[in-house]
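User: Please take a close look at one part of this protein: the salt bridges. I would like one connected account, with some context on the model itself.

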Amino acid sequence: MKSLLLPIFLFFSALPLAAQGTNVAFGTIRQDTSLPVEVTADNLAVDQATGTAVFTDNVIIGQGEMRLSAARVLVVYRDKNTGIARLEATGGVTLVSGQDAAESERADYDIDTGEIVMSGNVLLSQGQNAISSNTMTVNLSEGTARMSGRVKTILQPGSNN
């Protein structure tokens with residue numbers, strides 16, 4: 001039923017999208033943002049003075065069912081190294097949750113709020129449907145996303161003959 005309603009929702013919500021933006025579902029589950037964040041990369045540079053670490057080349061970040069990959073990820077730690085405050089990913093960013101995938105030039109993940117803001121030529125793929133925009137804000141705890149800035153969608157009609 002969900003797969004039948006999504007194309008209908010996307011079609012009708014796409015009509016006034018050019019100026020406003022739209023909300024869409026993202027991922028098949030709600031993400032637990034308190035889960036550990038695992039980072040894998042070819043290179044790591046740590047700056048103790050600024051409380052940051054830069055992972056480069058083939059960076060893959062995992063948290064629960066979510067995966068994010070990019071060429072470069074800056075990790076900003078909280079004061080006194082009490083955990084990660086935020087991640088800033090750049091260079092061919094891909095975010096995958098369930099069967100949904102989004103690509104952009106940049107993604108900023110605020111660990112405390114559970115929000116990822118993707119910007120720069122955002123493309124969200126949900127099955128055969130695709131939505132593009134300038135910016136997409138993903139709320140991981142709710143499993144939703146809001147796309148804004150010149151939103152465009154291409155819908156594939158289903159066939160139930």
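Analyst: What follows covers confidence in brief, then the salt bridges, then a hairpin.

This is a predicted model. Average pLDDT is 80, and 75% of the residues score at least 70. One stretch falls well short of that: residues 1-20 stay under 50. The model gives this stretch 22 contacts beyond four places in sequence. Where pLDDT is low, the predicted coordinates should not be read in detail.

Now the charged pairs. The whole structure holds 4 salt bridges. One of them joins Arg-78 to Asp-112, with the closest N and O atoms 2.1 Å apart. Arg-78 sits in the loop between β5 (66-77) and β6 (84-97), and Asp-112 in the loop between β7 (100-110) and β8 (115-126), so this pair ties together parts 34 residues apart in sequence. How exposed are the two partners? Arg-78 is partly exposed, at 27% relative accessibility. Asp-112 counts as exposed, at 55%. The cut-off for exposed is over 50%.

Next comes a linked set. Arg-86, Glu-88, Arg-106 and Asp-108 form a network of salt bridges. Within this network, Glu-88 pairs with Arg-86, the closest N and O atoms being 2.9 Å apart. Arg-106 and Asp-108 also meet through their side chains, at 2.9 Å from N to O. Which side of the burial cut-offs does each residue fall on? Glu-88 is buried, at 15% relative accessibility. Its partner Arg-86 is partly exposed, at 36%. Arg-106 is partly exposed too, with a relative accessible area of 30%. Asp-108 is likewise partly exposed, at 24%. Buried means under 20%, so Asp-108 falls outside that class.

Last, the hairpin. Strands β9 (residues 129-139) and β10 run antiparallel and are joined by 5 bridges. They form a hairpin with 4 residues between the strands. In the turn, Gly-143 has a positive phi of about 70°. One bridge partnership places Thr-135 opposite Ser-148 of β10. Strand β10 spans residues 144-148. Which of its residues lie on the covered face? Ala-145 and Met-147 do. The uncovered face carries Thr-144, Arg-146 and Ser-148. In a regular strand the side chains alternate between the two faces of the sheet. Ser-148 thus appears twice here: on the uncovered face of β10, and as the bridge partner of Thr-135.

Definitions and conventions
Residues are numbered from 1 along each chain as its sequence is written. Side-chain values use heavy atoms; hydrogens and water are left out. pLDDT is the predictor's confidence in each residue, from 0 to 100. Contact means heavy atoms within 4.5 Å. Buried means under 20% relative accessible area, exposed over 50%, partly exposed in between (1.4 Å probe, protein chains only). Helices (H or I, at least four residues) and strands (E, at least two) are DSSP runs, numbered from the N terminus. Two strands pair if DSSP finds at least two bridges between them.
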